[in-house]
Amino acid sequence: MHEIGVRVALGARPSDILRLVTGRSLASTLAGIAVGVGGAAVLTSGLQKLLFGVKPLDPATFAGVAAVLLGAALVASLIPARRAIRVPPGWR
């Protein structure tokens with residue numbers, strides 16, 4: 001929070017703070033999704049007998065799950081981002 005207080009004191013707009021907080025959150029989410037999709041692609045070949053009505057590497061399923069996770073991460077990051085906007089300048 002100290003960094004955000006300093007940024008506000010130096011003239012950062014609320015939109016800049018919102019972009020900073022959500023951007024950092026979404027960057028780590030995208031990294032996690034990339035690792036998860038890669039791991040799932042490797043593991044589905046071993047679980048092929050357990051999949052009913054879905055191809056092991058079904059692009060729609062992978063894209064749908066990634067989109068839901070990205071949306072959930074965006075919503076979850078908006079709460080701390082809105083709190084960060086209200087940090088007073090020079091907050092310690």
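Here is a quick tour of this structure, from its overall build to one helix pair.

## What it's made of

First things first: this is a predicted model. The chain has three helices and zero strands, so to speak an α-α-α pattern when you read along the sequence.

## Overall shape

Picture a box of roughly 60 × 15 × 15 Å, taken along the principal axes: that's what the C-alpha atoms of the chain fill. The radius of gyration tells a similar story, with 19 Å for the chain, whereas a compact globule of 92 residues would come in near 12 Å.

## Inside and outside

How much of the chain counts as buried? Just 17% of its 92 residues do. The accessible surface adds up to about 6500 Å², and carbon and sulfur atoms account for 70% of that.

Contacts reach a good way along the sequence, too. Take those between residues at least 6 apart: 69% of them join residues at least 24 apart.

## How helix 1 meets helix 2

Helix 1 covers residues 2-9 and helix 2 covers residues 14-44. The two pack with their axes 11 Å apart, at an angle of about 150°. Angles over 145 degrees count as roughly antiparallel, and that is why helix 1 and helix 2 get that description.

Which residues make the contact? On the helix 1 side they are Glu-3, Ile-4, Arg-7 and Val-8, and helix 2 brings Ile-17, Leu-20, Val-21 and Arg-24. As for handedness, the crossing of helix 1 and helix 2 is right-handed.

Methods
Residues numbered from 1 in each chain as written. Predicted model: local features only at pLDDT ≥ 70, side-chain atom pairs only at ≥ 80, totals over all residues. Heavy atoms only, no water. Helix = DSSP H or I, 4+ residues; strand = E, 2+ residues; numbered from the N terminus. Rg over C-alpha atoms; globule rule 2.2 N^0.38 Å. Buried < 20%, exposed > 50% of the residue type's maximum accessible area, 1.4 Å probe, protein only. Contact = heavy atoms within 4.5 Å. Areas by Shrake-Rupley, 256 points an atom, 1.4 Å probe, with all protein chains shown as cover. Axes fitted to C-alpha atoms, helices over the stretch in contact; angles between N-to-C directions. Parallel < 35°, antiparallel > 145°, perpendicular 65-115°, else oblique. Left-handed = near helix turned anticlockwise from the far one by under 90°.
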